[in-house]
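Reader: I am new to this structure and would like to look at its open spaces and its ligand. Could we go through them slowly?

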Amino acid sequence: MATKILGIGSYVPEKVLTNKDLEKIVDTSDEWITTRTGIKERRICSPSEASSDLGYKSALNAIANAGILKEKIEMIITATITPDMPFPSTSCIMQKKLGLDNIPCFDINVACSGFIYGLEIARNFIDSGTYSTILIIATDCMSSVTDYTDRSTCILLGDGSASAVVAKSDEGPGILGSYLGASGKYAELLYMPAGGSRQPASIGTVSQRLHYMKMEGSTVYKIAINSMVDAVNMVLKKTGISKDDISLFIPHQANLRIIQSVGKNLGIPMEKTFINIERYGNMSAASVGVALDEAARAGKVRKGDIICMVAFGSGFVWASNIIKI
Ligand code: COA
């Protein structure tokens, strides 16, 4: 028996925020954003949409794609850094929306590595025999923590969600292996200072704009490349797969130049690399999952293919995996 992704689904909000729109808000240009990041537009939630609303829609798509009844789901893991609220968990909110009850639900906070971390946690619960069908929802409304007066960050981020049903299957091989990493010493290079127990919300934290994401972009850029290259090399070594055997490479979509450097360092050609950053920007936990879903729907995922995913984000936390279809 194998542990595999039985179904995948995604959802992005309807509203499109283009580079031209951003030109009207901050001192930037379509030319600068396109050249430095590869991003042309991103999706933004409506005022009535939160992470669980996007997550619910992507979860329904994944369940339909898996071809199972939702009642088969035994656990919900939601990966998000933009929960609906600090508590209860967005997974509990999702459980109610899905009309399920009495199954374990919890959130993980691993930023952009959420989809891959979620898959690996699910794989371990399944391989140990504790559960057999787990729903992972990677969902982020980055627009809710974006400072639209900060031109160095507001151009990068967007909203979206991807879900996967992971289950035991007699049609293998499925998830071959993963590599998970983190380094808390970099916490303050990419973070949201207020809103937690360290600096609870106050008039002061709001007026100082401390409820928005802060980032030292150029330092993050360099560490992101090195960490993602290392994560791919580690998972290749762990699984005994050669980089030449990779049919499809799905890196986190934070910056096109990061993706190109990672591919170049690893010797993985751009033709094998899936890119959709131009339409969505960085959707944090959702990016890798949305890319996998779009690749599958575009017919780029075939029986026997070997897919390598890698991500990197706030923490810093990074992760990679290899799955065989
Ligand atoms: N439009 C126009 N100019 C801008 C700008 C914008 N949107 N944002 C920054 N600039 C300016 C800066 O003010 C700076 O001007 P200065 O030289 O006069 O001071 C100049 O462009 C260069 O800034 P720099 O930060 O060095 O640019 P960069 O090439 O490093 O690109 C990022 C900035 C943010 C695109 C890039 O650092 C990046 O992608 N970092 C990693 C982001 C990331 O992956 N984050 C999430 C990880 S999950």
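Reader: Which element gives the largest share of the lining of the second largest pocket?

Author: This is a predicted model, in which local features need pLDDT of at least 70 and side-chain atom pairs count only at pLDDT 80 or more, while totals for chains, interfaces and linings use all residues. Residues are numbered from 1 along each chain as its sequence is written, and side-chain values use heavy atoms, leaving out hydrogens and water. A pocket is an open set of points on a 1 Å grid over the protein atoms alone, where a 1.4 Å probe fits, with protein on both sides within 12 Å along at least five of seven lines, and lining residues have an atom within 4 Å of a point. The largest share of this lining, five residues, comes from strand 1 (strands are DSSP runs of E, at least two residues, and helices of H or I, at least four, numbered from the N terminus).

Reader: Where does the ligand lie with respect to the domains?

Author: Domain bounds come from an automatic or database domain assignment. Domain 1 (2–171) and domain 2 (176–324) both give residues to the shell around the ligand, so the ligand lies between them.

Reader: Which element gives the largest share of the shell around the ligand?

Author: The shell has 24 residues, each with a heavy atom within 4 Å of the ligand, and T28, R36, R151, G217 and N255 come nearest. A backbone N or O atom of G217 lies 3.0 Å from a nitrogen atom of the ligand. Helix 6 (151–154) and helix 8 (217–239) are among the elements that give two or more residues to the shell. The largest share, four residues, comes from helix 8.

Note on methods
A polar contact is a pair of N or O atoms within 3.5 Å; within protein, one must be able to donate a hydrogen and the other to accept it, and residues adjacent in sequence count only if both atoms are side-chain atoms.
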